[in-house]
Amino acid sequence: MVSSLRTWKDWIKRPQSYSALTWPTPEKVQRHSDDDTSKSESSESGLLEDDLQFAGRYSPRRLSYPAIILAGTAVSLIAIVAFFAGKAWQPDLDRTCMRHTSTYSTAMDEVSNKLHDTKFNGTLGLNSEFSGHWGDPNDEMDSHWYKWGFVKMASFTPEEWKKMGKDMEGTARFTEEYGGGYMGFLEVNHQMHCLNVIRQAYHWDYYAKPENSRWAEWMLDRPITVKVHINHCFEMLRQLIMCNADMGVISHHWVKDIQDPYADFNQVHKCRDLDSVEKWINEHEARPPPETGYPMPADAVVWPSPP
(Lines give C-alpha, C1' and ligand atoms only; values in the text may rest on other atoms or scores of the structure.)
Protein backbone atom coordinates (compact mmCIF):
# COMPACT_ATOMS: atom_id res chain seq x y z
CA MET A 1 0.00 0.00 0.00
CA VAL A 2 2.84 2.38 0.96
CA SER A 3 4.76 1.54 -2.17
CA SER A 4 1.71 2.29 -4.29
CA LEU A 5 1.35 5.74 -2.73
CA ARG A 6 4.96 6.47 -3.37
CA THR A 7 4.59 5.45 -6.99
CA TRP A 8 1.63 7.85 -7.40
CA LYS A 9 3.55 10.71 -5.72
CA ASP A 10 6.54 10.13 -7.99
CA TRP A 11 4.25 10.17 -11.05
CA ILE A 12 2.57 13.43 -9.98
CA LYS A 13 5.95 15.10 -9.29
CA ARG A 14 7.32 13.95 -12.62
CA PRO A 15 7.40 16.85 -15.13
CA GLN A 16 4.78 16.41 -17.86
CA SER A 17 5.29 17.33 -21.51
CA TYR A 18 2.54 18.35 -23.98
CA SER A 19 2.56 18.61 -27.73
CA ALA A 20 0.74 21.42 -29.52
CA LEU A 21 -1.88 20.30 -32.01
CA THR A 22 -1.73 21.86 -35.44
CA TRP A 23 -4.37 21.90 -38.18
CA PRO A 24 -3.19 20.33 -41.45
CA THR A 25 -2.52 22.78 -44.30
CA PRO A 26 -2.29 22.17 -48.05
CA GLU A 27 1.41 23.18 -48.15
CA LYS A 28 2.62 20.89 -45.37
CA VAL A 29 0.85 18.14 -43.50
CA GLN A 30 2.47 16.53 -40.52
CA ARG A 31 1.52 13.54 -38.44
CA HIS A 32 2.90 12.92 -34.97
CA SER A 33 3.42 9.56 -33.42
CA ASP A 34 4.97 8.25 -30.28
CA ASP A 35 7.55 6.43 -32.36
CA ASP A 36 8.35 8.20 -35.68
CA THR A 37 11.28 5.90 -36.40
CA SER A 38 9.03 2.86 -36.41
CA LYS A 39 6.98 4.07 -39.38
CA SER A 40 7.76 2.54 -42.70
CA GLU A 41 8.21 4.47 -45.96
CA SER A 42 4.96 3.10 -47.34
CA SER A 43 2.93 4.21 -44.26
CA GLU A 44 4.30 7.75 -44.45
CA SER A 45 3.48 7.95 -48.12
CA GLY A 46 -0.09 6.74 -47.59
CA LEU A 47 -0.76 9.12 -44.73
CA LEU A 48 0.67 12.05 -46.65
CA GLU A 49 -1.50 11.24 -49.64
CA ASP A 50 -4.64 11.04 -47.46
CA ASP A 51 -3.87 14.35 -45.77
CA LEU A 52 -3.36 16.13 -49.05
CA GLN A 53 -6.72 14.87 -50.28
CA PHE A 54 -8.38 16.04 -47.01
CA ALA A 55 -6.78 19.45 -47.26
CA GLY A 56 -7.79 19.79 -50.90
CA ARG A 57 -11.41 19.07 -50.17
CA TYR A 58 -11.61 21.77 -47.47
CA SER A 59 -9.42 24.42 -48.98
CA PRO A 60 -11.16 27.88 -48.90
CA ARG A 61 -12.39 29.38 -52.15
CA ARG A 62 -12.50 33.11 -52.82
CA LEU A 63 -15.23 34.77 -54.90
CA SER A 64 -14.13 37.08 -57.63
CA TYR A 65 -15.06 40.76 -57.46
CA PRO A 66 -17.43 40.58 -60.46
CA ALA A 67 -19.33 37.74 -58.78
CA ILE A 68 -19.67 39.72 -55.55
CA ILE A 69 -20.90 42.80 -57.42
CA LEU A 70 -23.38 40.72 -59.42
CA ALA A 71 -24.77 39.07 -56.27
CA GLY A 72 -25.11 42.42 -54.51
CA THR A 73 -26.90 43.94 -57.48
CA ALA A 74 -29.33 41.02 -57.66
CA VAL A 75 -30.15 41.29 -53.95
CA SER A 76 -30.68 45.06 -54.28
CA LEU A 77 -33.01 44.63 -57.26
CA ILE A 78 -35.05 41.99 -55.44
CA ALA A 79 -35.38 44.29 -52.40
CA ILE A 80 -36.50 47.24 -54.56
CA VAL A 81 -39.07 45.14 -56.44
CA ALA A 82 -40.40 43.71 -53.16
CA PHE A 83 -40.70 47.22 -51.67
CA PHE A 84 -42.71 48.66 -54.55
CA ALA A 85 -44.81 45.51 -54.85
CA GLY A 86 -45.67 45.79 -51.15
CA LYS A 87 -46.64 49.44 -51.59
CA ALA A 88 -48.85 48.58 -54.56
CA TRP A 89 -50.58 45.69 -52.78
CA GLN A 90 -50.87 47.42 -49.40
CA PRO A 91 -54.56 47.57 -48.43
CA ASP A 92 -56.28 50.95 -48.16
CA LEU A 93 -56.85 51.08 -44.40
CA ASP A 94 -59.55 53.75 -44.61
CA ARG A 95 -61.43 51.72 -47.22
CA THR A 96 -61.02 48.55 -45.17
CA CYS A 97 -62.29 50.38 -42.08
CA MET A 98 -65.37 51.63 -43.94
CA ARG A 99 -66.15 48.10 -45.16
CA HIS A 100 -65.82 46.71 -41.64
CA THR A 101 -67.86 49.40 -39.86
CA SER A 102 -70.74 49.84 -42.32
CA THR A 103 -72.99 47.47 -44.17
CA TYR A 104 -71.71 47.42 -47.73
CA SER A 105 -73.35 49.60 -50.35
CA THR A 106 -72.18 50.34 -53.87
CA ALA A 107 -72.02 54.03 -52.90
CA MET A 108 -68.83 53.14 -51.00
CA ASP A 109 -67.13 52.44 -54.31
CA GLU A 110 -67.76 56.02 -55.46
CA VAL A 111 -67.31 58.20 -52.36
CA SER A 112 -64.00 59.07 -50.72
CA ASN A 113 -62.81 56.50 -48.20
CA LYS A 114 -60.58 58.94 -46.35
CA LEU A 115 -61.26 59.51 -42.67
CA HIS A 116 -60.58 62.89 -41.10
CA ASP A 117 -59.85 63.90 -37.52
CA THR A 118 -62.63 66.35 -36.62
CA LYS A 119 -62.96 68.15 -33.32
CA PHE A 120 -66.59 68.26 -32.26
CA ASN A 121 -68.21 71.48 -31.14
CA GLY A 122 -69.50 70.58 -27.69
CA THR A 123 -69.36 73.97 -25.97
CA LEU A 124 -72.70 74.93 -24.44
CA GLY A 125 -74.33 77.89 -26.16
CA LEU A 126 -71.80 78.03 -29.01
CA ASN A 127 -73.35 79.02 -32.34
CA SER A 128 -73.89 76.36 -35.04
CA GLU A 129 -75.58 76.45 -38.43
CA PHE A 130 -77.77 73.56 -37.28
CA SER A 131 -78.69 74.87 -33.84
CA GLY A 132 -78.14 78.63 -33.79
CA HIS A 133 -77.05 80.26 -30.57
CA TRP A 134 -79.73 78.81 -28.31
CA GLY A 135 -81.46 76.46 -30.76
CA ASP A 136 -84.28 78.80 -31.68
CA PRO A 137 -85.34 77.88 -35.25
CA ASN A 138 -85.26 80.16 -38.26
CA ASP A 139 -85.40 79.79 -42.05
CA GLU A 140 -81.62 79.72 -42.48
CA MET A 141 -81.28 76.94 -39.94
CA ASP A 142 -84.10 74.95 -41.53
CA SER A 143 -82.43 75.19 -44.94
CA HIS A 144 -79.33 73.46 -43.54
CA TRP A 145 -81.46 70.71 -42.03
CA TYR A 146 -83.43 70.37 -45.25
CA LYS A 147 -80.25 69.75 -47.25
CA TRP A 148 -79.41 66.67 -45.18
CA GLY A 149 -82.73 65.72 -43.62
CA PHE A 150 -84.75 65.64 -46.81
CA VAL A 151 -84.62 62.06 -48.07
CA LYS A 152 -83.52 61.93 -51.71
CA MET A 153 -84.40 58.72 -53.51
CA ALA A 154 -81.75 57.10 -55.71
CA SER A 155 -82.01 54.45 -58.42
CA PHE A 156 -79.84 51.30 -58.24
CA THR A 157 -79.23 48.86 -61.07
CA PRO A 158 -80.04 45.15 -60.66
CA GLU A 159 -76.28 44.42 -60.58
CA GLU A 160 -75.76 46.90 -57.73
CA TRP A 161 -78.79 45.56 -55.86
CA LYS A 162 -77.52 42.00 -56.11
CA LYS A 163 -74.01 43.04 -55.08
CA MET A 164 -75.44 44.55 -51.89
CA GLY A 165 -77.33 41.35 -51.12
CA LYS A 166 -80.76 42.96 -51.37
CA ASP A 167 -84.03 41.19 -52.09
CA MET A 168 -84.31 41.07 -55.88
CA GLU A 169 -87.99 40.12 -55.96
CA GLY A 170 -89.78 41.76 -53.06
CA THR A 171 -88.29 45.26 -53.05
CA ALA A 172 -89.72 48.28 -54.86
CA ARG A 173 -88.55 49.40 -58.31
CA PHE A 174 -89.12 52.49 -60.39
CA THR A 175 -91.18 52.32 -63.54
CA GLU A 176 -89.22 52.68 -66.77
CA GLU A 177 -90.10 56.37 -67.08
CA TYR A 178 -88.18 56.97 -63.81
CA GLY A 179 -85.22 54.80 -64.68
CA GLY A 180 -86.51 51.33 -63.88
CA GLY A 181 -83.95 50.67 -61.12
CA TYR A 182 -84.46 49.70 -57.51
CA MET A 183 -85.52 52.43 -55.04
CA GLY A 184 -83.27 53.36 -52.15
CA PHE A 185 -81.61 56.19 -50.23
CA LEU A 186 -78.62 56.47 -47.88
CA GLU A 187 -79.00 55.86 -44.16
CA VAL A 188 -77.36 59.20 -43.33
CA ASN A 189 -80.30 61.05 -44.92
CA HIS A 190 -82.85 59.16 -42.87
CA GLN A 191 -80.85 59.59 -39.67
CA MET A 192 -80.61 63.34 -40.21
CA HIS A 193 -84.33 63.38 -41.03
CA CYS A 194 -85.11 61.65 -37.75
CA LEU A 195 -82.96 64.02 -35.73
CA ASN A 196 -84.67 66.93 -37.46
CA VAL A 197 -88.11 65.48 -36.63
CA ILE A 198 -87.20 65.38 -32.93
CA ARG A 199 -85.81 68.93 -33.12
CA GLN A 200 -88.97 70.22 -34.77
CA ALA A 201 -91.17 68.39 -32.27
CA TYR A 202 -89.24 70.16 -29.50
CA HIS A 203 -90.12 73.49 -31.16
CA TRP A 204 -93.70 72.43 -31.88
CA ASP A 205 -95.24 75.87 -31.37
CA TYR A 206 -92.92 77.42 -33.94
CA TYR A 207 -93.58 74.83 -36.68
CA ALA A 208 -97.30 74.69 -35.99
CA LYS A 209 -97.59 78.23 -37.34
CA PRO A 210 -98.82 78.31 -40.97
CA GLU A 211 -95.82 80.36 -42.16
CA ASN A 212 -93.39 77.76 -40.80
CA SER A 213 -95.27 74.52 -41.45
CA ARG A 214 -93.63 74.04 -44.87
CA TRP A 215 -90.50 72.88 -43.05
CA ALA A 216 -92.40 70.25 -41.02
CA GLU A 217 -95.18 68.86 -43.15
CA TRP A 218 -95.02 65.59 -41.23
CA MET A 219 -96.69 67.43 -38.33
CA LEU A 220 -99.87 67.78 -40.42
CA ASP A 221 -100.54 64.02 -40.20
CA ARG A 222 -103.01 62.46 -37.77
CA PRO A 223 -101.92 62.84 -34.11
CA ILE A 224 -101.34 59.09 -33.75
CA THR A 225 -99.20 59.06 -36.90
CA VAL A 226 -97.17 62.00 -35.63
CA LYS A 227 -96.61 60.25 -32.31
CA VAL A 228 -95.55 57.01 -34.01
CA HIS A 229 -93.25 58.97 -36.32
CA ILE A 230 -91.46 60.67 -33.42
CA ASN A 231 -91.13 57.42 -31.48
CA HIS A 232 -89.78 55.69 -34.59
CA CYS A 233 -87.09 58.36 -34.91
CA PHE A 234 -86.13 58.04 -31.25
CA GLU A 235 -85.69 54.29 -31.72
CA MET A 236 -83.69 54.59 -34.93
CA LEU A 237 -81.20 57.01 -33.38
CA ARG A 238 -81.00 55.01 -30.15
CA GLN A 239 -80.14 51.85 -32.05
CA LEU A 240 -77.59 53.72 -34.15
CA ILE A 241 -75.81 55.19 -31.11
CA MET A 242 -75.76 51.90 -29.25
CA CYS A 243 -74.65 50.04 -32.37
CA ASN A 244 -71.68 52.36 -32.93
CA ALA A 245 -70.83 52.46 -29.20
CA ASP A 246 -68.30 55.28 -29.55
CA MET A 247 -65.25 54.38 -27.43
CA GLY A 248 -63.83 57.91 -27.29
CA VAL A 249 -63.00 59.25 -23.83
CA ILE A 250 -64.38 62.60 -22.59
CA SER A 251 -61.86 64.45 -20.42
CA HIS A 252 -62.70 66.93 -17.65
CA HIS A 253 -61.35 70.24 -16.31
CA TRP A 254 -61.42 72.11 -13.06
CA VAL A 255 -63.19 75.40 -13.77
CA LYS A 256 -63.34 78.49 -11.61
CA ASP A 257 -66.55 78.89 -9.59
CA ILE A 258 -67.76 75.41 -10.64
CA GLN A 259 -67.54 72.80 -7.88
CA ASP A 260 -67.54 69.61 -9.95
CA PRO A 261 -65.09 68.70 -12.74
CA TYR A 262 -66.43 70.10 -16.02
CA ALA A 263 -66.70 67.74 -19.00
CA ASP A 264 -64.92 68.80 -22.20
CA PHE A 265 -67.17 67.64 -25.04
CA ASN A 266 -64.89 69.16 -27.70
CA GLN A 267 -63.24 65.84 -28.49
CA VAL A 268 -61.66 64.59 -31.73
CA HIS A 269 -63.57 62.02 -33.79
CA LYS A 270 -62.86 60.07 -36.97
CA CYS A 271 -65.21 61.40 -39.66
CA ARG A 272 -65.94 60.57 -43.27
CA ASP A 273 -65.65 62.98 -46.16
CA LEU A 274 -69.13 64.51 -46.01
CA ASP A 275 -68.62 66.58 -49.15
CA SER A 276 -68.00 63.39 -51.11
CA VAL A 277 -71.16 61.82 -49.67
CA GLU A 278 -73.22 64.90 -50.50
CA LYS A 279 -71.90 64.84 -54.07
CA TRP A 280 -72.96 61.20 -54.48
CA ILE A 281 -76.46 61.96 -53.16
CA ASN A 282 -76.97 64.85 -55.58
CA GLU A 283 -75.55 62.97 -58.58
CA HIS A 284 -77.71 59.89 -57.99
CA GLU A 285 -80.95 61.60 -57.02
CA ALA A 286 -83.87 60.12 -58.92
CA ARG A 287 -86.33 62.26 -60.77
CA PRO A 288 -88.84 63.79 -58.32
CA PRO A 289 -92.23 62.04 -58.17
CA PRO A 290 -95.53 63.64 -59.09
CA GLU A 291 -97.86 64.85 -56.33
CA THR A 292 -99.50 61.45 -56.27
CA GLY A 293 -96.16 59.72 -55.65
CA TYR A 294 -94.11 57.32 -57.74
CA PRO A 295 -96.20 54.96 -59.90
CA MET A 296 -96.02 51.24 -59.11
CA PRO A 297 -94.78 48.83 -61.79
CA ALA A 298 -97.38 46.35 -63.02
CA ASP A 299 -95.32 43.34 -61.88
CA ALA A 300 -94.47 44.76 -58.43
CA VAL A 301 -94.76 42.53 -55.34
CA VAL A 302 -97.29 44.02 -52.89
CA TRP A 303 -96.70 43.20 -49.23
CA PRO A 304 -99.74 42.65 -46.93
CA SER A 305 -98.18 44.80 -44.17
CA PRO A 306 -95.10 47.03 -43.67
CA PRO A 307 -91.78 45.29 -42.91
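Start the tour at E235: with a relative accessible area of 32%, this residue is partly exposed. You're looking at a predicted model, by the way, so keep that in mind as you click around.

**Stop 1: helix α9**

With E235 still selected, add R238. Both residues sit in helix α9, 3 residues apart, which is about one turn of the helix. What do the side chains of E235 and R238 form when they meet? A salt bridge, at 2.8 Å from N to O. R238 is partly exposed too, at 37% relative accessible area, as is E235 with its 32%.

**Stop 2: strands β1 and β6**

Next, select K270 and D117. Their side chains make a salt bridge, with 2.9 Å between N and O. This pair connects distant parts of the chain: K270 belongs to strand β6 (residues 268–272) and D117 to strand β1 (residues 115–119), 153 residues apart. Is K270 buried or exposed? Its relative accessibility is 60%, so K270 counts as exposed, the cut-off being over 50%. D117 counts as exposed as well, at 55%.

Before leaving K270, bring up H116. The two C-alpha atoms are 5.5 Å apart, although these positions lie 154 residues apart along the chain. If you ignore neighbours within four places in sequence, K270 has contacts with H116 and D117.

**Stop 3: a bridge and a ring pair from the α6–β3 loop**

Now pick R173 and D299. They form a salt bridge whose closest N and O atoms are 2.9 Å apart. Here again distant parts of the chain are linked: R173 is in the loop between α6 and β3, D299 is in the segment after α10, and 126 residues separate them. R173 is partly exposed, at 23% relative accessible area, whereas D299 counts as exposed at 56%. If you want to hunt for others, a search of the whole structure finds 7 salt bridges.

Time for some rings. The structure holds 10 aromatic pairs. Take F174 and Y294: how are their rings arranged? The ring centres are 5.0 Å apart and the planes are at 80°, so this is an edge-to-face pair. F174 is in the loop between α6 (158–163) and β3 (182–184), while Y294 is in the segment after α10 (274–283); the pair links distant parts of the chain, 120 residues apart. Colour by accessibility and the two partners part ways: F174 is buried, at 2%, but Y294 counts as partly exposed at 23%.

**Stop 4: two tryptophans**

Select W204 and W218. Their ring centres are 6.3 Å apart with planes at 80°, so this pair is edge-to-face. W204 lies in helix α8 (residues 204–207) and W218 in the loop between α8 and α9 (223–244), 14 residues apart. Which side of the buried cut-off does W218 fall on? With a relative accessible area of 9%, W218 is under 20% and so is buried. W204 is partly exposed, at 34%.

**Stop 5: more rings, and an arginine over one**

Show F156, W161, Y182 and W280 together. Ring pairs join these four residues into a cluster.

Then go to Y178 and add R287. Where does R287 lie relative to Y178? R287 is over the face of the Y178 ring, 4.4 Å from the ring centre.

**Stop 6: out to the surface**

Switch on the surface and select L77, I80, F83 and F84. Together they make a nonpolar surface patch with about 440 Å² of accessible area. Within that patch, I80 lies in helix α3 (residues 65–89). I80 has a relative accessible area of 45%, which makes it partly exposed.

**Last stop: T101**

Finish on T101, which you'll find in helix α4 (residues 93–101). This threonine is exposed, at 52% relative accessible area. For a last distance check, select N244 as well. The C-alpha atoms of T101 and N244 are 8.4 Å apart, with the two residues 143 places from each other along the chain.

How values were computed
Residues are numbered from 1 along each chain as its sequence is written. This is a predicted model: local features need pLDDT of at least 70, side-chain atom pairs count only at pLDDT 80 or more; totals for chains, interfaces and linings use all residues. Side-chain values use heavy atoms; hydrogens and water are left out. Patches are made of residues with over 30% relative accessible area and no salt bridge: like charges are joined within 9 Å, nonpolar side chains (Val, Leu, Ile, Met, Phe, Trp, Tyr) within 5 Å. Accessible areas come from the Shrake-Rupley method with a 1.4 Å probe; for residues, only the protein chains shown count as cover. A salt bridge is a side-chain nitrogen of Lys or Arg within 4 Å of a carboxyl oxygen of Asp or Glu. Helices (H or I, at least four residues) and strands (E, at least two) are DSSP runs, numbered from the N terminus. Buried means under 20% relative accessible area, exposed over 50%, partly exposed in between (1.4 Å probe, protein chains only). Rings of Phe, Tyr and Trp (its six-membered ring) pair if their centres lie within 6.5 Å; planes under 30 degrees apart count as stacked, over 60 as edge-to-face and the rest as tilted. A charge sits over a ring if NZ of Lys or CZ of Arg is within 6 Å of the ring centre and within 35 degrees of the ring normal. Contact means heavy atoms within 4.5 Å.
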